[in-house]
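User: Please take a close look at a single part of this model, its polar and charged side chains. Walk me through their setting in one connected answer.

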Amino acid sequence: FDVGRSGDKLANKPTGKKKTGAMFVKEDTRLCDIVCTDGTRIKVRPAVSGHLLEMNERLAENPSLLNTKAASEGYIAILQPKRDADPSFSQS
């Protein structure tokens with residue numbers, strides 16, 4: 001998870017109701033690289049701009065979660081999209 005100039009994404013630890021300290025990421029920010037068994041590297045980028053709330057630390061220990069439990073425990077990151085990124089987001 002330590003990719004690019006923004007440093008280690010696992011060190012990002014937002015706190016409180018307003019998620020103070022969350023790293024802001026853009027659509028072109030590299031969240032992580034996935035290295036396949038054949039050596040191919042896949043750069044993972046978010047689909048939206050917003051605040052990075054959590055990186056899945058369990059993937060570093062058990063990368064097979066991406067395949068075996070992709071819909072539950074195999075997530076890569078949790079993002080809070082920027083409110084004005086999509087007009088369909090409600091203003092609550």
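Analyst:
**Polar side chains and their strands**

N56 is buried, at 2% relative accessible area. The model is predicted. N56 lies in the loop between β4 (50-55) and α1 (58-61). Its side chain has a partner: the backbone nitrogen of R58, at 3.1 Å. So this buried side chain, with 2% relative accessible area, reaches backbone just past the end of the loop, since α1 starts at residue 58.

Now the strand that leads into that loop. β4 pairs antiparallel with β1 (residues 23-25) through three bridges. V25 faces G50 of β4 in that pairing. β4 also pairs antiparallel with β5 (residues 77-81), here through five bridges. There, E54 stands opposite I78. β4 therefore has a partner in β1 and another in β5. In a regular strand, side chains alternate between the two faces of the sheet.

Next, the charged side chains. Opposite charges can pair when the charged atoms come close. How many salt bridges does the model hold? The count is three. D33 takes part in a bridge to R30, with the closest N and O atoms 3.4 Å apart. D33 also bridges to R41, at 3.2 Å from N to O. Together R30, D33 and R41 form a linked network.

How exposed are the members of that network? D33 is buried, because its 18% falls under the 20% cut-off. R30 is partly exposed, at 23%. R41 is exposed, because its 56% is over the 50% cut-off. The acid that links to R30 and to R41 is thus the buried D33, at 18%.

D33 also has a backbone setting. It belongs to β2 (residues 32-35), and β2 pairs antiparallel with β3 (residues 41-44) over four bridges. The bridge partner of D33 in β3 is K43. Its salt-bridge partner R41 sits at the start of β3, which covers residues 41-44. In β3, then, D33 has a strand bridge to K43 and a side-chain salt bridge to R41.

The turn between these strands deserves a word. The hairpin of β2 and β3 has five residues between the strands. Among them, G39 takes a positive phi near 95 degrees.

The remaining salt bridge pairs E73 with K69, the closest N and O atoms being 3.5 Å apart. E73 is partly exposed, at 30%. K69 is partly exposed as well, at 38%. Both values lie between the 20% and 50% cut-offs, which means that neither side chain counts as buried or as exposed.

One last check concerns cysteines around β2. C32 is buried, at 6%. C36 is partly exposed, at 29%. Residue 32 opens β2, and the strand closes at residue 35. How many disulfides turn up in the whole structure? A search finds zero.

To recap: N56 is buried and reaches the backbone nitrogen of R58. D33 is buried too, and it links R30 and R41 into a network. E73 and K69 form a further salt bridge, at 3.5 Å.

Methods
Residues are numbered from 1 along each chain as its sequence is written. This is a predicted model: local features need pLDDT of at least 70, side-chain atom pairs count only at pLDDT 80 or more; totals for chains, interfaces and linings use all residues. Side-chain values use heavy atoms; hydrogens and water are left out. A disulfide is a pair of cysteine sulfur atoms within 2.5 Å. Buried means under 20% relative accessible area, exposed over 50%, partly exposed in between (1.4 Å probe, protein chains only). Helices (H or I, at least four residues) and strands (E, at least two) are DSSP runs, numbered from the N terminus. A polar contact is a pair of N or O atoms within 3.5 Å; within protein, one must be able to donate a hydrogen and the other to accept it, and residues adjacent in sequence count only if both atoms are side-chain atoms. A salt bridge is a side-chain nitrogen of Lys or Arg within 4 Å of a carboxyl oxygen of Asp or Glu. Two strands pair if DSSP finds at least two bridges between them.
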